[in-house]
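Colleague: Please take a close look at the aromatic pairs, and then follow them into whatever surrounds them. I would like one connected account, with the cut-offs spelled out.

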Amino acid sequence: MGDGGFVKNLRKISFCLLPFAFCLGMAAAAAQQFPSRPIRLIVPFPPGGPSDIVARVFSQRVGEGLGQQLVMDNRGGAGGAIGSELGAHAAPDGYTVLQTTAGTMAINPALFPKLPYAPLRDFIPVSQLATTPYILIVNPSVPARSVKEFITLAKAKPGQLNFASGGVGTTNHFAAELFKLSAGIDMVHIPYKGTGLALTDVLSGQVQLMFMNLLPAMPQVRNGKVRGLGVTSAQRSPAAPDIPTIAEGGLPGYETTGWHGWVVPAKTAGAIVKRLHTEIAKAAGHPELRKALESQGTEVIGNTPEQFAAALNAETMKWAKVVKATGIKAE
């Protein structure tokens with residue numbers, strides 16, 4: 001091929017690449033201008049719960065840093081699957097952010113074989129916002145005042161103790177299942193349509209125990225309506241420093257917490273992910289935000305996308321093993 005033919009082919013290739021280069025340029029420009037309008041924050045749970053509270057606290061600070069409002073969009077139902085599916089199918093332009101939990105991102109994939117979204121495929125992790133421990137509470141009629149005593153009691157009465165949860169597949173349900181596996185005990189699961197109903201029956205003695213989010217449980221512990229045996233985190237909670245961890249109370253190695261994070265649809269530009277994470281990290285370091293959440297027993301995290309991705313992978317493997325070991329089936 002002569003020089004003329006080579007030049008002609010080179011021009012053809014360059015012409016074909018022009019649209020691609022133009023698209024890349026447009027994407028880069030859009031990322032640099034981000035955000036130019038309000039951002040939708042999907043919370044896949046009803047208002048008022050722990051996930052909603054964390055989302056609202058962070059959205060205010062992050063919105064201030066971005067110079068745009070984060071508009072809350074609560075889409076509860078199906079254990080968070082409805083809102084999560086909505087987030088998975090949103091445009092990857094940074095204007096839709098999804099609030100996530102261990103349940104929606106790590107438990108649901110193992111529990112529901114036909115889940116309408118795939119967390120590791122459909123989302124890019126931005127940051128894990130915060131973690132909240134659960135607390136093992138028992139009705140005062142239960143003759144156990146420590147985790148060790150409770151395990152001894154449960155082993156002496158296999159299948160005779162009932163534990164409540166907010167429903168099959170909820171994080172407090174799986175905290176109890178992990179406890180059962182770790183302690184080698186047999187208890188009967190009584191699922192409810194929400195933790196409020198479950199707590200009511202623990203208070204009345206209809207059910208002996210449950211694992212519950214620390215914040216709503218502590219008033220009942222303080223007034224003696226239930227007995228708190230241990231928190232599920234690796235360290236004692238500043239919100240309940242007098243209550244030992246389950247690990248130190250009699251079950252070494254046991255640890256689990258509820259967590260909250262933000263993800264965006266797959267294929268979102270890296271520059272947009274970085275901008276979102278930068279503002280989340282700033283918000284996580286704000287004294288007033290930390291005080292607001294830590295006073296409620298929530299630990300502020302604000303880690304990097306890479307750290308969140310690693311944590312998500314670990315959580316996914318952890319709960320898949322629990323599902324396989326227990327044979328839990330979705331309702």
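Modeller: Nine aromatic pairs are found in the structure, where rings of Phe, Tyr and Trp (its six-membered ring) pair if their centres lie within 6.5 Å, and planes under 30 degrees apart count as stacked, over 60 as edge-to-face and the rest as tilted. The model is predicted, with local features needing pLDDT of at least 70 and side-chain atom pairs counted only at pLDDT 80 or more, while totals for chains, interfaces and linings use all residues. Numbering runs from 1 along each chain as its sequence is written, and side-chain values use heavy atoms, with hydrogens and water left out.

One pair is that of F34 and Y95, edge-to-face at 5.2 Å centre to centre with 65° between the planes. It links distant parts of the chain, 61 residues apart, with F34 in the loop between α1 (3–33) and β1 (39–43) and Y95 in the loop between α3 and β3 (96–101); here helices (H or I, at least four residues) and strands (E, at least two) are DSSP runs, numbered from the N terminus. F34 and Y95 are both buried, where buried means under 20% relative accessible area, exposed over 50% and partly exposed in between (1.4 Å probe, protein chains only).

Another pair, F211 with Y254, is tilted, at 6.4 Å centre to centre and with 40° between the planes. Because F211 lies in strand β7 and Y254 in the loop between α10 (246–249) and β9, the pair ties together parts 43 residues apart in sequence. F211 and Y254 are likewise both buried.

Returning to Y95, R37 lies over the face of this ring, at 3.7 Å from the ring centre; a charge sits over a ring if NZ of Lys or CZ of Arg is within 6 Å of the ring centre and within 35 degrees of the ring normal.

F211 and Y254 also belong, with F150 and F179, to one aromatic cluster. Leaving aside residues up to four places away in sequence, F179 touches L136, V147, F150, I151, I185, M187, F211, I246, L251 and Y254, contact meaning heavy atoms within 4.5 Å.

This leads into the largest nonpolar core, which has 46 residues and in which F150 and F179 have the most contacts; such a core is a set of buried Ala, Val, Leu, Ile, Met, Phe, Trp, Tyr and Cys residues joined through side-chain atoms within 4.5 Å. The elements that give two or more residues to it are α3 (81–88), α4 (102–111), β4 (123–138), α6 (147–156), α7 (171–183), β7 (209–213), β9 (257–265) and α13 (305–326), and the largest share, six residues, comes from α7. Apart from this core lies another, of 27 residues, including A55, V264, A283 and V300.

Among the contributors, α4 has eight of its ten residues buried, so this helix is largely enclosed by the rest of the structure. The buried residues of α4 are A102, G103, T104, M105, A106, I107, N108 and L111. At the start of α4, a side-chain oxygen of T101 comes within 3.2 Å of the backbone nitrogen of G103.

As for the setting, the chain holds 13 helices and ten strands, and buried residues make up 47% of its 331 residues. Of the contacts with a separation of 6 or more, 78% are between residues 24 or more positions apart.

Conventions: A polar contact is a pair of N or O atoms within 3.5 Å; within protein, one must be able to donate a hydrogen and the other to accept it, and residues adjacent in sequence count only if both atoms are side-chain atoms.
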